[in-house]
Every structure is written in structure tokens, then in C-alpha cells.
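Below are some notes for a colleague who is opening this structure for the first time. They start from a single residue and then widen to the rest of the chain.

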Amino acid sequence: MAQPDASHYVAGAPLEDNGGTPFESYDPATGEPIARLRAATKAVIDAAVRSADGAWRDWAARPGVERGRVLLRAAALLRERNRELSVLETRDTGKALQETLVADAASAADALEWFGGIAASIGGQMIPLGADFAYTRREPLGVCVGIGAWNYPIQIAAWKAAPALACGNAMIFKPSEVTPLSALKLAEILTEAGLPAGLFNVVQGASAVGSNLTANPFVAKVSMTGSVPTGRKVYTAAAEGLKPATLELGGKSPLIVFEDADLDDAVSGAMLGNFYSTGQVCTNGTRVFVHASLRDAFIERLVARTERIRIGDPLDEATQMGPLVSHTQREKVLSYIEAGREEGARLLTGGGIPEVAGFPNGAWIEPTIFADVTDTMTIAREEIFGPVLSLLTFEDEAEVIARANGTGFGLAAGLFTKDLARAHRVAAALDAGTLWINGYNLTPVEIPFGGVKASGLGRENGWAAIDHYSQVKSVHVTTGSVDCPY
Ligand code: NDP
């Protein structure tokens with residue numbers, strides 16, 4: 001078991017309310033429960049809101065360098081405990097330990113380090129007005145709510161908490177009910193690093209807890225990572241309270257391989273962009289457009305390398321692919337694979353459930369590749385959130401740009417080419433919040449991250465995130481006598 005001391009973390013300490021609806025967190029590799037928790041009751045939510053509301057003004061009044069120091073200490077603690085945190089994340093999500101060791105707590109530490117580093121530089125502008133002048137103050141919003149998805153639990157918590165805290169806000173974070181554990185560890189670490197009580201609270205529960213938090217009148221802002229339908233609900237609820245919302249939603253991103261691409265690198269990009277985290281990455285390049293002249297060579301290398309992916313015990317560092325996060329998610333992915341078959345896509349490899357010795361009850365799935373996919377097929381239009389790669393072919397640049405943009409999503413895109421002019425021309429033409437040239441799925445904290453079209457609103461990471469966790473106050477200063485006609 002990975003049982004925490006209590007389900008929630010409020011006012012700087014673990015908190016339990018036995019009146020909350022019980023739920024379990026499962027290890028997706030074994031199918032066994034690893035923790036029993038309770039959803040937040042109204043009393044827990046009220047306690048979290050009270051403690052956050054009582055804490056942020058003092059925190060905001062401190063010099064930025066002091067706030068930053070706490071975040072930097074937390075980053076160091078995360079790095080010291082990276083292995084222990086990675087094992088916990090692997091058990092809760094099923095993602096292979098070789099990934100969680102580098103992409104989860106480590107990414108959370110990067111965010112705390114980067115926002116800790118800039119906290120002292122978050123400031124305003126001086127605006128000369130002749131004899132008078134004005135200045136702007138960048139002020140916090142107050143109590144911010146973060147709502148997470150299950151694919152990168154601790155990373156999502158830190159990508160939201162780090163900029164919020166750097167700006168002087170408090171945060172109440174609700175993890176996905178499927179992966180509730182690592183956010184509690186982040187809360188403990190922030191307290192150990194010196195974060196005053198009430199500034200980072202964790203409350204557990206499903207959608208009702210998320211919607212209660214969003215609607216709470218003391219909450220000033222909400223940042224949610226998850227699916228488009230949930231994003232629409234959160235945005236509607238935030239609009240009702242005239243609250244700003246940051247929404248990091250789903251995608252159906254294109255990855256374009258031009259005829260002059262380095263074939264091995266392009267295959268690597270397509271594999272990283274479809275199979276990392278067992279395909280449960282929002283930015284995945286699930287529509288792989290390959291120039292018709294490269295198609296056969298691309299398929300040969302892609303299929304050979306995909307069939308060598310090692311599936312197995314996610315805690316074994318040699319394992320390259322763990323199970324999906326849950327059996328529910330596997331049912332969803334299998335139904336998309338079935339739709340691909342029925343609608344006439346050609347299954348090149350995978351499509352089934354592998355036997356994994358010693359783990360008969362895991363949510364396993366084979367990495368799957370379909371060829372001869374057309375733009376109108378379900379697997380080319382809807383987000384699957386599993387290791388299912390669709391191959392499409394194209395003949396020319398204008399055609400592939402139009403087809404790549406022919407979706408309601410706009411989270412990310414990638415392209416492989418050696419032609420510098422084409423790379424930047426196509427990068428400018430694609431509808432995407434992030435675009436990778438000759439690479440895929442790299443999300444360093446320094447660069448803004450977020451979607452266009454239905455893939456989201458606002459940006460996380462980089463300086464852009466500061467705009468979404470602060471507001472500008474203008475202060476006008478009159479230096480002479482007041483000019484008044486009365
Ligand atoms: P969901 O949209 O189902 O849930 C996201 C979070 O919102 C969960 O914590 C969920 O609670 C909560 N929630 C659900 N309903 C409401 C509501 N009405 N009000 C407030 N909160 C609510 O997403 P998943 O967890 O299933 O994650 C997968 C999705 O996330 C994929 O579509 C993927 O594309 C997207 N995603 C986007 C990313 C991005 O940055 N753009 C990154 C990662 C994932 P609970 O689940 O506990 O009920």
C-alpha cells in the first residue's frame with residue numbers, strides 16, 4: 001500500500017473527514033488497490049478555502065526573493081526524493097519507472113526552480129506622463145484552484161502551483177481521483193521547504209469537488225488540465241463568477257514528415273509522440289503525415305522498432321511501456337482500435353492485449369499502428385489517449401498544412417525536414433500552441449505551453465504563465481496641483 005496519512009492536506013497538515021465518500025487508488029499494473037481515501041466534504045472544502053484565503057495576503061506582501069527561496073528549497077527536496085516520488089507515481093499511474101524518473105517529479109522540480117528564480121523579478125512598469133507619472137503593480141489574484149488530469153499528476157500540480165505561489169497567490173489543488181497520491185507529497189515537501197500553512201492545499205474527490213471549488217465565491221481563478229468536455233464545464237462555471245480560467249485540454253496533433261527528413265529521427269519523433277506514457281500525453285502527434293515517397297521505408301523502420309518496445313513490470317527500469325492508467329481507459333482505447341478496423345484502416349502492428357507474465361490483471365495494451373488512415377476516420381478525428389498511431393500520406397506542402405489544420409483542436413504540432421525555410425514557413429502556418437521542428441514532445445518549463453482552438457485557453461510555464469496568475473494595477477501619481485474646472 002502507498003496509504004497516505006490522510007486524504008487531504010489543508011492549512012499545512014494532513015486532514016481527514018470520515019464523512020467523505022470513500023474511493024480507492026489502484027496500481028494499474030496489478031489491478032490491486034494501493035490506497036483508500038475519501039472525497040472532500042463541504043467541511044474540507046470550506047477549511048481549504050478559509051486557510052488559503054487567510055494566508056495569501058501575508059505571502060504576497062513578502063519580497064519576491066523570499067517567496068522564491070521557498071520554491072527553490074522545495075525543488076531541491078523533490079530532486080533529493082526523486083526516486084521515492086517516481087516509484088509512487090509509477091504505482092499510481094502505471095507509467096514506466098524509466099519515464100517517471102526523468103519526467104514527473106523532475107519536471108515539477110524544474111517548475112519550482114524556474115518560478116522560484118524569477119519570483120524576485122515579477123514587477124511592474126514605470127510610465128512617464130510629463131510632470132506626472134504612473135506605475136503598474138503586478139498583484140496576485142488571491143485563492144487559485146488547480147484541477148489535474150491523471151497522466152502527469154505531480155508535474156501538473158507543480159506547473160500550476162509554482163507560478164501561482166511565485167506571484168503571491170494561494171492554491172487549492174484537486175488531483176484526478178484516479179491518481180490522488182503524489183500531490184499530497186508535494187504539499188508535505190512545500191511545508192518542509194518553509195511554505196506557510198494554507199498556501200498549498202490538496203483536496204481529493206471527483207468532478208463534484210472540482211465544480212464546488214470553481215464556483216466558490218472566495219476562489220479568484222481556476223486552472224484545469226483535462227479533456228475538452230470538462231474544460232467547457234469549468235469555463236462555463238468560471239464565467240458565471242467572472243473568474244479567469246486557464247484550460248490545458250486535449251489534442252489531435254499532426255506530425256509532418258517531409259520528403260527530405262532524417263528518417264530515423266522522424267521515426268523516433270513519431271514513437272516518442274505516440275508511445276511515451278503509454279500514449280497518454282495530451283500533445284501526442286497522433287496524426288503522422290508522411291510524404292508519399294517515404295511511406296514504405298518509414299513504415300518498415302517504424303513497425304520494426306515498435307515491435308521491439310519492452311512492455312512489462314513498470315517498476316523494472318528496463319521496461320519501456322507500462323499499462324494504461326485504468327481498465328476504463330483501456331476499454332476506451334480498444335473501442336477506438338475497433339473503430340479503426342471497421343472503418344477500413346490497415347492494422348500494421350498491435351491492436352490487442354499483451355500477456356505480461358506475473359501481471360494478469362494489468363490494464364495492458366499493445367502499441368498499435370494503423371496505415372491507410374484517412375482524414376475522416378474516427379481515429380484521425382478524436383483524441384484516443386492511448387498508444388495508437390495513425391499514418392496518413394500526403395503529396396505537397398499546401399495540402400498537408402490544410403489537412404493538419406482541419407481539426408477543432410490546436411494543442412501542438414511537429415515537423416521533420418532539413419529545409420530551413422520550409423520548417424519556419426510551415427511552423428507559422430500550423431494551428432498549434434507549441435510546435436516542434438525536428439523533435440517532438442519536449443516541454444521545458446522555460447517555454448510557454450498551452451493550446452489554441454478547442455485545446456485550451458491561457459498558457460502555463462515561461463513568463464507567459466505570470467500573466468495568468470497576476471493582475472495589473474495602475475497607479476497614477478499627480479505631482480502638481482489638481483487641474484479642476486469647478
Ligand atoms: P477529465 O477532463 O475527465 O478530468 C480532468 C479533471 O477535472 C479531473 O480532476 C476531474 O475530476 C475534474 N473534473 C471533472 N469534471 C469537472 C467539473 N465539472 N468541474 C471541475 N472539475 C471537474 O480528464 P482526465 O483526467 O480523463 O484526463 C485526460 C484528458 O486530459 C485528456 O483528454 C487529455 O487530452 C487531457 N490533458 C490535457 C493536457 C494539457 O495540458 N493540454 C495534459 C494532460 C491531459 P475526476 O477525474 O477526479 O472526476
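1. A starting point is Pro 153, which lies in helix H6, the helix covering residues 153–166. The model is a predicted one, and everything said here about Pro 153 and its surroundings should be read with that in mind.

2. Is Pro 153 buried or exposed? Its relative accessible area is 5%, and because residues under 20% count as buried, Pro 153 is buried. Leaving out residues up to four places away in sequence, Pro 153 touches Glu 89, Thr 93, Thr 179 and Ser 182. Asp 431, by contrast, is 278 residues from Pro 153 in sequence, and their C-alpha atoms are 27 Å apart in space.

3. Helix H6 also matters for the reading of the interior, since the largest nonpolar core has 95 residues, and H6 gives the most to this core, with 10 residues. The residues with the most contacts inside the core are Leu 78 and Phe 200. Apart from neighbours within four places in sequence, Leu 78 is in contact with several residues, among them Leu 85, Ala 105, Leu 112, Ile 154 and Ile 189.

4. Besides that core there is a second, separate one of 27 residues, which includes Ile 256, Phe 289, Ile 365 and Ile 379.

5. Which strands make up the open sheet, and in what order? There are 7 of them, arranged as E14-E15-E16-E13-E12-E17-E18 with mixed pairing. Strand E14 (346–349) and strand E18 (434–437) are the edge strands, each pairing on one side only, and from one strand to the next the twist averages 20°.

6. At the E14 edge, the partner is strand E15 (residues 368–371), to which E14 is joined by 3 bridges, the two strands running antiparallel. Within this pairing, Leu 347 stands opposite Phe 370 in E15.

7. Two helices can be placed against this sheet. Helix H10 (residues 263–275) lies across strands E12, E13, E15, E16 and E17, and runs at about 140° to E16. Helix H14 (residues 397–404) lies across E12, E13 and E16, running at about 145° to E16.

8. A further pair of strands deserves a look: strand E10 (residues 219–225) and strand E11 pair in the parallel sense over 4 bridges, with Thr 225 standing opposite Glu 248 in E11. From E11 (residues 245–248), Ala 245 and Leu 247 point one way whereas Thr 246 and Glu 248 point the other way, and all of these residues are buried.

9. For the chain as a whole, the secondary structure comes to 16 helices and 20 strands. The C-alpha trace spans about 80 × 60 × 40 Å along its principal axes. With 486 residues, a compact globule would be expected to have a radius of gyration near 23 Å, and the chain's value of 24 Å agrees with this.

10. Of the 486 residues, 57% count as buried, while the chain exposes about 19,100 Å², of which carbon and sulfur atoms supply 53%. Among contacts between residues at least 6 apart in sequence, 74% join residues at least 24 apart.

Methods. Residues are numbered from 1 along each chain as its sequence is written. This is a predicted model: local features need pLDDT of at least 70, side-chain atom pairs count only at pLDDT 80 or more; totals for chains, interfaces and linings use all residues. Side-chain values use heavy atoms; hydrogens and water are left out. Two strands pair if DSSP finds at least two bridges between them. Axes are lines fitted to C-alpha atoms, for helices over the stretch in contact, and angles run from 0 to 180 degrees between N-to-C directions. Contact means heavy atoms within 4.5 Å. The radius of gyration is taken over C-alpha atoms; the globule rule is 2.2 Å times the number of residues to the power 0.38. Buried means under 20% relative accessible area, exposed over 50%, partly exposed in between (1.4 Å probe, protein chains only). Accessible areas come from the Shrake-Rupley method with a 1.4 Å probe; for residues, only the protein chains shown count as cover. A nonpolar core is a set of buried Ala, Val, Leu, Ile, Met, Phe, Trp, Tyr and Cys residues joined through side-chain atoms within 4.5 Å.
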